Amino acid sequence: MGMRVKQLSQLRNRIVVITGATSGIGAVTAAKLAEAGAVPIITGRSASKLAAMRGRVSGRCGFYELDVTDNADVQRVVDRIATDFGRIDVLVNNAGFGLFERFEDAPLEHFAKMMDTNYMGTVRCAKAVLPYMKSQGNGHIVNIASMAGKLSTAKASGYAATKHAVLGLTNALRAELAPDGIAVSAVNPGPIDTPFLETADPGGGYAASVKGYLLKPAQVADTIVRVIAKRTPEVDLPLSAGIGIRLYGLAPRFADKTLGKLLNRK
Ligand code: NAI
């Protein structure tokens, strides 16, 4: 308990920029960071959703319209935040979406749009905060990847590739930026009960088939807050999925044969 309080005290006054923070785990993470005394900078595309977030977050915080697929927008908003708040301690690359479709049915634009948001959005925001973190001699980039970044399943060819890309980026950046005092983390959740699922599979079949396994947004947000406080390099959650992914990596062919049904729920 003492340890936990000490960890959270490290969050006090930290300026934490979160992308896609008006919904799902980004919104809950922002609220929890504020409770821990950090300064969440809530960004998102929708002015009305940003306005609605004002009621959900206490204490010092910021609100900025930001579309992570827009190069100029990312640069301008990050510069603005750095000017307004004096520094950027943490970037949480959370904005993202998935479309669960069979490869042969999915139009090319869906592959490109998911990559532009989930992967290129992360690249853009990381590049924009980097000069500030380097000049501070300190910083932390937290990428919300996914279990789908480690394990591809049917109907996730487009989405899983974006999250594999995010993990590839994360691991390279961690090695590259360590000498600058900048930590780089990945958080890999399994299915979470957020609006993500409605976009991914509007028919609701996927949500129904993983119903018993859904993580609660608060659980994932607690993990993200801990990752920020401890600068943990990587977390898979739930724990069982993390173990499963490791076992899968040891014998993927065998696992496909024995666990095929369990994994392919989309
Ligand atoms: P969500 O849909 O509630 O939140 C995602 C947010 O990103 C939304 O507010 C959305 O408007 C925003 N966004 C999308 N495109 C954007 C853009 N171009 N610019 C700025 N914001 C944009 O869903 P959730 O679950 O909270 O998703 C957060 C992250 O977690 C995503 O990266 C997602 O891929 C990842 N994730 C979600 C899982 C799930 O089952 N819900 C499982 C594993 C990872």
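How many helices and strands does the protein chain have?

1. In this predicted model, the protein chain is built from 11 helices and seven strands. Its radius of gyration is 18 Å, close to the 18 Å that the globule rule gives for 266 residues, so the chain is as compact as a globular protein of that length. Along its principal axes, the C-alpha trace spans about 55 × 40 × 35 Å.

2. As to burial and surface, 48% of the 266 residues of the protein chain count as buried, while the area that the chain exposes comes to about 12,700 Å², with 56% of it supplied by carbon and sulfur atoms.

3. Among the contacts in the protein chain with a separation of 6 or more, 67% are accounted for by residues 24 or more positions apart.

4. On the charges, the protein chain carries 33 positive and 22 negative ones, and the mean positions of these two sets are 8 Å apart.

5. One residue may be followed in detail: Met133 is found in helix α5, which covers residues 108-136, and Met133 counts as buried because its relative accessibility is 0%, where buried means under 20%.

6. Leaving aside residues up to four places away in sequence, Met133 touches Ile88, Asp89, Val90 and Leu91, and also Asn138, Gly139, His140, Ile141 and Ile182. Of these partners, Ile182 lies 49 residues from Met133 in sequence, yet the two are 7.0 Å apart in space, C-alpha to C-alpha.

Key: Residues are numbered from 1 along each chain as its sequence is written. This is a predicted model: local features need pLDDT of at least 70, side-chain atom pairs count only at pLDDT 80 or more; totals for chains, interfaces and linings use all residues. Side-chain values use heavy atoms; hydrogens and water are left out. Helices (H or I, at least four residues) and strands (E, at least two) are DSSP runs, numbered from the N terminus. Buried means under 20% relative accessible area, exposed over 50%, partly exposed in between (1.4 Å probe, protein chains only). Contact means heavy atoms within 4.5 Å. The radius of gyration is taken over C-alpha atoms; the globule rule is 2.2 Å times the number of residues to the power 0.38. Accessible areas come from the Shrake-Rupley method with a 1.4 Å probe; for residues, only the protein chains shown count as cover. Lys and Arg count as positive and Asp and Glu as negative; His and the chain ends are not counted. The place of a charge is taken as NZ of Lys, CZ of Arg, CG of Asp or CD of Glu.
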